[in-house]
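Trainee: Before we rely on this model, could we go through the terms used to describe it, and set each value against its definition?

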Amino acid sequence: MSHTFTLDGRTIPFAEGQTIMQAASAAGVFIPHLCYHPEFKPHGSCKLCTVKVNGRQTASCTMRAAPGMNVESDTEEINGERRALTQMLFVEGNHFCPSCEKSGNCQLQATAYHLGMMSPHYDHFFPNRAVDASHPEVLLDFNRCILCSLCVRASRDVDGKNVFGLSGRGIATRLIVNAKSGQLADTDFTLADKAAQVCPVGVILRKRRGFAVPIGERSYDKAPISAGAETTEGR
Amino acid sequence: MSYQLETAAHPESLRRVAIDPVSRVEGHGKVTILLDEQNKVHQVRLHIVEFRGFEKFIQGRPYWEVPVMVQRLCGICPVSHHLAAAKALDLIVGARKLTPAAEKLRRLMHYGQMLQSHALHFFHLCSPDLLFGFDSDVTRRNIVGVAMAHPETAKRGVLLRKFGQEVIRVTAGKRVHGTGAVPGGMNKSLTVAERDELLKDVYHVVQWSRDAVHLIQKVHTQDPGLYNSFGIFRSNFMSLVGHGGDLDFYHGTLRARDDNGKLIFDGVDYQQYDRYIEEEVRPWSYMKFPFFKSLGKENGWYKVGPLARVQNCDQISTPFAEHERREFVDYAGGSPLHAPLAYHWTRMIEMLHAAEVIKELLHDDDLLGDDLMVEGERRMEGVGVIEAPRGTLFHHYRVDENDLVTMANLIVSTTNNNQAMNEAIRHVARRYLHGREVTEGLLNHIEVAIRAFDPCLSCATHALGKMPLAVELVDAEGRLVHALSRS
């Protein structure tokens, strides 16, 4: 690990082939992200991990680190853009944190706190999305989907099942279940699947077990998301 | 039991006075009064004009979200909705009997809420009326005025409420809108540190609650002419009654009495509530009018809340509150007291009981246990009933085989008191407004009558005595004749 780059004035070592995100995480520096997960190939879609490399914007989860790079991340300008992206995610779905089981363990909520988001700012879309309660063990609440595709990647790359997919284009993109009926009950999905463990928000939930962890004892009650840069706790 | 003054014979020829809004928070309410040219009252209505729709939008949601979601109905006593929903859903998950730890923790949460809500209502919202007079100087008739004139009373009010809120926090996770109760039990018990922190203060809380009972008892008994007659109407009354006829806010069976105290029904399992109670819709209000089926719409309406509960039970299990209950019953002279202002007295007796129960529970090591959940045979339907600070609260749910809610019916405490509140303000309007020019002080009399019931809209009506009240006199052609604004 002989190479280094500069991140917000701090020298960050990296190994050949590491992305900026990987090197920063290894060095204990938090870069906000939602679609990135250290166990999966980067997707580069949420754009929350956008940084400036030598003055040009790029996704830090896909950009390989190179010697001598000057990377800016924790700046007012970039955090403002991240906040706007987060606000858009909130208004595009139906995110009612007060009655969401994932509250306190939700990466979207924790990121919003981290970025100082005080309101959704934009008009809510209030999309009409049904829940899929057909599966005996798992509930899918599409209202909260942020299209990070982590469940798609986990099901395809780890579970080998291809249960989920993203369908449609642009603003019409949506998460679908790969069954003729479109129902989760008609797939071989189980609670033990990796795809059941990776949702950063409250879409994929274990049934009949709500609010089991008291307020104050949830992941982001104990420490902000920025403190857990090296882990995926709370997912 | 009449509906006099509900509907005027010829409203088109009358002037309309509207108190609007009576509320900004827990249900938007307004009062309309129709007067003729001599200011004689022909029609008085309390309208709850806000539509909230919880019963509809929780349909299609997973059942385990419900106790957390429905408590957002209310910011004053969310614990009531939280627990009533949890009780209904206990049955859905087959938890017919909770573990001792879970039930005691829920009781602690609920009695903490009863304490904080009653303290808030009495000290913050009503004591200015009771200590200074209904038409006293409006600039003084608020909690700040009370703090200036009676600093110790005001301070105790704040600290009593704070204690109740702390009880809720340690059991539910937050002072407002926590998550403690889950279908089948609780998600946390008390730590020794949390219990000991509450134990430090609970003895003051009991004593201050006793003093509060004595304060309102003195105020009431010193002016029986006013307190026994203001807004009075006779009615049936109903509440849950606990084991052996005890006053019980958390669980029991339904008991109803007529205006003379004679039993209408008793020992009713609330799973069957819809065989005994029906709701009538009237075109002028979003709030329904419940009544006992056996007596019909005309005669079957009733009141709930402290005045009903304290006179409906056979005894109170804690000694100080039982002593005060007997004092109250003796004062009433052997038959039920129907005076709305007696709600305040009974409310303070209940606050004292809540304080004593909290003290007893804090000495029970079951609260520290970790056996918190049970489940059994899954059912499709459940009813949860609880005595909320304002009265009997019904939550009824049906859940399908995929765990989604298909039906919800809620009868909230204030709804149960709908006809009763209308009767009280009609009496007050007839007694105080009839033939007089409307003034701020006279309007406050209407609000004093509403407040006695502690409806959910009470909070906003009375916040710091600066209710954003606007009254307009409009003639039959809709022209503004006279306007009065409190702001």
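The exchange below takes up confidence, then each chain, then the contacts.

Mentor: This is a predicted model, in which local features need pLDDT of at least 70, side-chain atom pairs count only at pLDDT 80 or more, and totals for chains, interfaces and linings use all residues. Residues are numbered from 1 along each chain as its sequence is written, while chains are lettered from A and ligands numbered from 1 in the order in which they are written.

Trainee: How do you know what confidence the predictor has in chain A?

Mentor: By its pLDDT, the predictor's confidence in each residue, from 0 to 100; chain A averages 94, and 97% of the residues score at least 70. Residues 229-235 of chain A, however, stay under 50, although the model has 18 contacts beyond four places in sequence for them, a contact being a pair of residues whose C-beta atoms, placed from the backbone, lie within 7 Å. Where pLDDT is low, the predicted coordinates should not be read in detail.

Trainee: And which values describe the confidence in chain B?

Mentor: Chain B averages a pLDDT of 88, with 90% of the residues at 70 or above. Over residues 22-26 of chain B the pLDDT is below 50, and this stretch has 23 contacts beyond near neighbours in sequence; residues 458-469 of chain B are also below 50, with 36 such contacts. For the complex, the predictor gives an ipTM of 0.89 and a pTM of 0.90.

Trainee: What makes chain A as compact as a globular protein of its length?

Mentor: Chain A has five helices and ten strands, which are DSSP runs numbered from the N terminus (H or I over at least four residues for helices, E over at least two for strands). Its radius of gyration, taken over C-alpha atoms, is judged by the globule rule of 2.2 Å times the number of residues to the power 0.38; for 235 residues the rule gives 18 Å and the radius of chain A is 18 Å, so the chain is as compact as a globular protein of that length.

Trainee: Why is α15 of chain B called largely enclosed?

Mentor: A residue is buried if 20 or more other C-beta atoms, placed from the backbone, lie within 10 Å of its own, exposed if 12 or fewer, and partly exposed in between. In α15(B), 14 of the 16 residues are buried, so the helix is largely enclosed by the rest of the structure. Similarly, 18 of the 21 residues of α13(B) are buried, and over chain B as a whole buried residues make up 53% of the 487 residues.

Trainee: How do you know that the length of α15(B) agrees with its residue count?

Mentor: The expected span is 1.5 Å times one less than the number of residues; for residues 418-433 of chain B this gives 22 Å, and the end C-alpha atoms are 21 Å apart, which agrees. For α13(B), residues 342-362, 30 Å is expected and the ends are 31 Å apart, again in agreement. Just after α15(B), Gly435(B) takes a positive phi of about 80°.

Trainee: How many residues does each chain bring to the contact between them, and what is the character of the chain A side?

Mentor: Chain A brings 16 residues and chain B 18. The chain A side divides into nine nonpolar, four polar and three charged residues, where Ala, Val, Leu, Ile, Met, Phe, Trp, Tyr, Cys and Pro count as nonpolar, Asp, Glu, Lys and Arg as charged, and the others, Gly among them, as polar.

Definitions and conventions. Contact = placed C-beta atoms within 7 Å.
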